[in-house]
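Visitor: I should like a close look at a single strand of this protein. Please describe its surroundings, its partners and the confidence one may place in the model.

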Amino acid sequence: MEPRFNFLLGVPAGEATSSHCKHVCSPLIPQSTDSLIDRLDLEEIFGRNAPLHVDLGCGDGSFICELAQRVPEKNFLGIERLLGRIRSAARKAAGIPNVRLLRMESSYAVRYLLPAGSVEEFYLLFPDPWPKRRHWERRIVTGDFLCAINQALVGNGTLRIATDHPDYLEKIQETARANPHFAVIEPADADPFDLCSGQVLPLTKFERKFRAEGAPIHWLELRKVSPVR
């Protein structure tokens, strides 16, 4: 039977073939040859049904690969648009059975590719703050983006956000509070490095850098709720 998919945009076919030769399963999710809006078949992609966690802008894959090894009973999807980073992530993910990678714009993937009610938790760690006012329209967290996140989340699912930029945090909070589908968990209670909360996550490359520089890290958790009627 001919495969239903080609490998993702910009990922050379040779790399995909090589990955299959070395490993039972390539971490790179192939892209549909027929449509760019076909929803992902997660059971086919992972070979099982399990709660899904998604790292939006997964970079070199360090965070998602470490977390996936800590929590083998869950599935982890890393989404990254830059080719160099997705190649690095693929090398790290090779041999980790519960990690898959998608080369795509995160906002597009959330809106068009993730099935409704399929994600237990999203991670949006240190998104580009686009600090200049004229660039604010490029920021990923918008009302439309949160509506797409809400659609993809399971009931009571979460979006966990980290930023070193306090002004961006304030804008995200403002946008989230305008959305009736989310409860905003205050930063002090959302910090995954607060041992009292029981939430301890791996450090991302950016977080290691910011912590070494003594820069404050701001955490925010958005929890999906049923809007009050």
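Guide: Two strands are said to pair here if DSSP finds at least two bridges between them. The model under discussion is predicted, and the strand chosen for this close look is β4, residues 75-80.

By that criterion, β4 pairs with strand β3, residues 52-56, in the parallel sense and over five bridges. Within this pairing, H53 has F76 of β4 as its bridge partner. Strand β5, residues 99-103, is also paired with β4, again in the parallel sense over five bridges. Here E80 is the residue that stands opposite R103 of β5.

The connections between these strands involve helices. Helix α3, residues 62-70, joins β3 and β4 in a β-α-β unit that is right-handed. From β4 the chain then crosses through helix α4, residues 83-93, to β5, and this β-α-β crossover is right-handed as well.

The next point is the burial of β4. In a regular strand the side chains alternate between the two faces of the sheet. On one side of β4 lie N75, L77 and I79, and on the other F76, G78 and E80; both faces are covered, as these residues are all buried. The strand is accordingly described as mostly covered, with six of its six residues buried. Buried here stands for under 20% relative accessible area.

Strand β4 also takes part in the largest pocket, for which the computed volume is about 880 Å³. At least two residues of the lining come from each of β3, α3, β4, α5 (106-113), β6 (119-125) and α9 (205-212). The largest share, four residues, is supplied by α9. In total 34 residues line this pocket, and G57, R85, F126, P127 and D128 lie nearest its centre.

As to confidence, the protein has a mean pLDDT of 81, and 76% of its residues reach 70 or more. Among its elements, β3, the partner of β4, has the highest mean pLDDT, 98, whereas strand β1, residues 5-6, has the lowest, 30. Over residues 1-24 the pLDDT stays under 50, and the model gives this stretch 37 contacts beyond four places in sequence. Residues 194-198 likewise have pLDDT below 50, with four contacts in the model beyond near neighbours in sequence. Where pLDDT is low, the predicted coordinates should not be read in detail.

Technical notes. Residues numbered from 1 in each chain as written. Predicted model: local features only at pLDDT ≥ 70, side-chain atom pairs only at ≥ 80, totals over all residues. Heavy atoms only, no water. Buried < 20%, exposed > 50% of the residue type's maximum accessible area, 1.4 Å probe, protein only. Right-handed = clockwise from strand over helix to strand, strands pointing away. pLDDT = per-residue confidence, 0-100. Contact = heavy atoms within 4.5 Å. 1 Å grid on protein atoms, 1.4 Å probe; cavity = no way out; pocket = protein on both sides within 12 Å on 5 of 7 lines; lining within 4 Å. Points joined across faces, edges and corners; volume = space filled by probe spheres on them.
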